[in-house]
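Please open the model in your viewer, with a way to select residues by number, and follow the stops below in order.

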Amino acid sequence: MSHLPKLRHLAVGVAAAALLSTSAWAQFEERNVRISIGVADEHPQAVALERFAEKLAELTDGKMKAKVFPNAALGDDANSTSALRAGTLEMNSTSTSPLTQLVPELGVFDFPFLFASYPEADAVLDGPVGDEIGQKMAQKDLVLLCWMENGFRNLTNSERPVEGAQDVEGLKVRVMQNPVFLDAFGQLGSNPVAMAFSEVYPALESGAIDAQENPNVTILTSKFYEVQDYLAQTRHVYTPFMNLVSKTFWDKLSPDEQKAMREACYDARDFQRQLIRQKDAEALEQLKEEGMEITEISAEQREAMQKKVQPTIDRFSQQIGPDFVKRVYAEIEKVRSQGGQAQAQ
Ligand code: TK8
């Protein structure tokens with residue numbers, strides 16, 4: 001008879017252990033995260049998101065599986081973002097520029113020559129301004145997981161070497177679907193045409209447009225050098241990438257799953273920034289080898305360009321909200337006064 005209570009204790013112990021292990025195990029469920037990106041699979045963005053997938057699996061006992069779909073196979077930036085909002089896609093990594101209709105504040109990142117260095121961009125994006133943007137995205141059913149880098153943009157064209165604003169005049173330039181870009185390139189005297197990224201290569205190839213602008217790495221990995229002869233290191237705009245998650249999907253996740261997504265994103269972000277910054281200079285060398293004629297923009301010419309686009313900045317500061325824009329400049333100022341203004345050029 002004496003073994004009975006012991007057995008009962010044992011049974012309770014087993015049940016408790018089972019409960020414990022069940023709840024530990026239940027924190028992560030089988031999840032598939034499809035990530036849409038517009039750039040090619042050799043782009044550091046794709047490489048970093050593969051790392052995100054590895055890290056996510058590692059943090060969730062292999063339960064959460066992310067898969068990267070490059071080359072806009074699941075839609076360009078604007079379309080894939082609509083899919084996130086509709087709840088038919090889990091995640092994308094998009095440039096900020098095509099989303100200004102949704103969140104006008106994003107337009108500040110399209111102000112020409114806003115950032116002069118990487119530390120300035122990092123401080124603004126990873127600081128209070130970045131958080132504020134995150135809250136705006138949340139109001140649109142989008143979770144901003146973390147920022148990454150698209151980078152400083154340069155102008156390519158099929159007509160002539162560009163050394164200053166005067167050479168841009170009359171060029172038919174593809175810009176992102178964005179009013180600030182359209183306005184700025186209008187100020188420079190070019191004929192800007194807005195179109196989605198996946199349409200750019202064919203439009204350059206057919207001669208429908210003469211020019212486009214993107215960071216060196218994208219010009220290389222999307223093979224724009226095949227259809228463009230001239231590359232000017234204008235570094236006129238720094239575009240961030242945002243890693244966005246569908247709120248519909250996010251709300252299904254447990255707090256532990258959400259935490260794993262964030263942690264994996266921060267890890268991939270730090271890796272991505274390092275990689276893409278190193279690749280920027282390497283890509284330039286490779287583009288030279290591919291036969292592109294490279295021009296630099298002198299300090300005077302840059303200043304002249306800056307003057308030409310100032311009306312765009314003034315106009316859109318008013319439109320976006322002068323207080324918000326001031327806060328952005330104040331964050332940049334902080335970095336500059338701390339001596340972090342090492343030139344991006
Ligand atoms: C890729 C785009 C691209 C951007 C553009 O989806 O559209 O020119 O620079 O990187 O986000």
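In this predicted model, begin by selecting Ile313, Ser317, Gln318 and Ile320 in helix H12, which meet Pro322, Phe324, Val325 and Tyr329 in helix H13. Sorted by class, the residues of this contact are six nonpolar and two polar, with no charged residue among them. Now show both helices whole, H12 as residues 299–320 and H13 as residues 322–337, and you will find that their axes come within 6 Å and cross at roughly 115°.

Next, go to the largest nonpolar core, which has 47 residues, and select Ile35, Phe52, Leu56, Met91 and Met261, the members with the most contacts inside it. Helix H11, residues 255–289, gives the most to this core, contributing nine residues. Centre the view on Leu56 and, setting aside its neighbours within four places in sequence, look for its contacts with Val33, Met64, Ala66, Ala260, Met261 and Ala264. A second core of 34 residues, separate from the one just visited, can be located by selecting Leu114, Phe115, Phe152 and Val328, which are included in it.

Finally, select strand E5, residues 154–157, where Asn154 and Thr156 point one way while Leu155 and Asn157 point the other way, and all of them are buried. Which strands should be added to the selection to see the pairing of E5? Add strand E8, residues 211–214, which pairs with E5 in the antiparallel sense over four bridges, with Glu213 as the bridge partner of Leu155. Then add strand E9, residues 230–233, which also runs antiparallel to E5 and is joined to it by three bridges; here the bridge partner of Thr156 is Leu231.

Conventions:
Residues are numbered from 1 along each chain as its sequence is written. This is a predicted model: local features need pLDDT of at least 70, side-chain atom pairs count only at pLDDT 80 or more; totals for chains, interfaces and linings use all residues. Side-chain values use heavy atoms; hydrogens and water are left out. Axes are lines fitted to C-alpha atoms, for helices over the stretch in contact, and angles run from 0 to 180 degrees between N-to-C directions. Helices (H or I, at least four residues) and strands (E, at least two) are DSSP runs, numbered from the N terminus. Contact means heavy atoms within 4.5 Å. Ala, Val, Leu, Ile, Met, Phe, Trp, Tyr, Cys and Pro count as nonpolar, Asp, Glu, Lys and Arg as charged, and the others, Gly among them, as polar. A nonpolar core is a set of buried Ala, Val, Leu, Ile, Met, Phe, Trp, Tyr and Cys residues joined through side-chain atoms within 4.5 Å. Buried means under 20% relative accessible area, exposed over 50%, partly exposed in between (1.4 Å probe, protein chains only). Two strands pair if DSSP finds at least two bridges between them.
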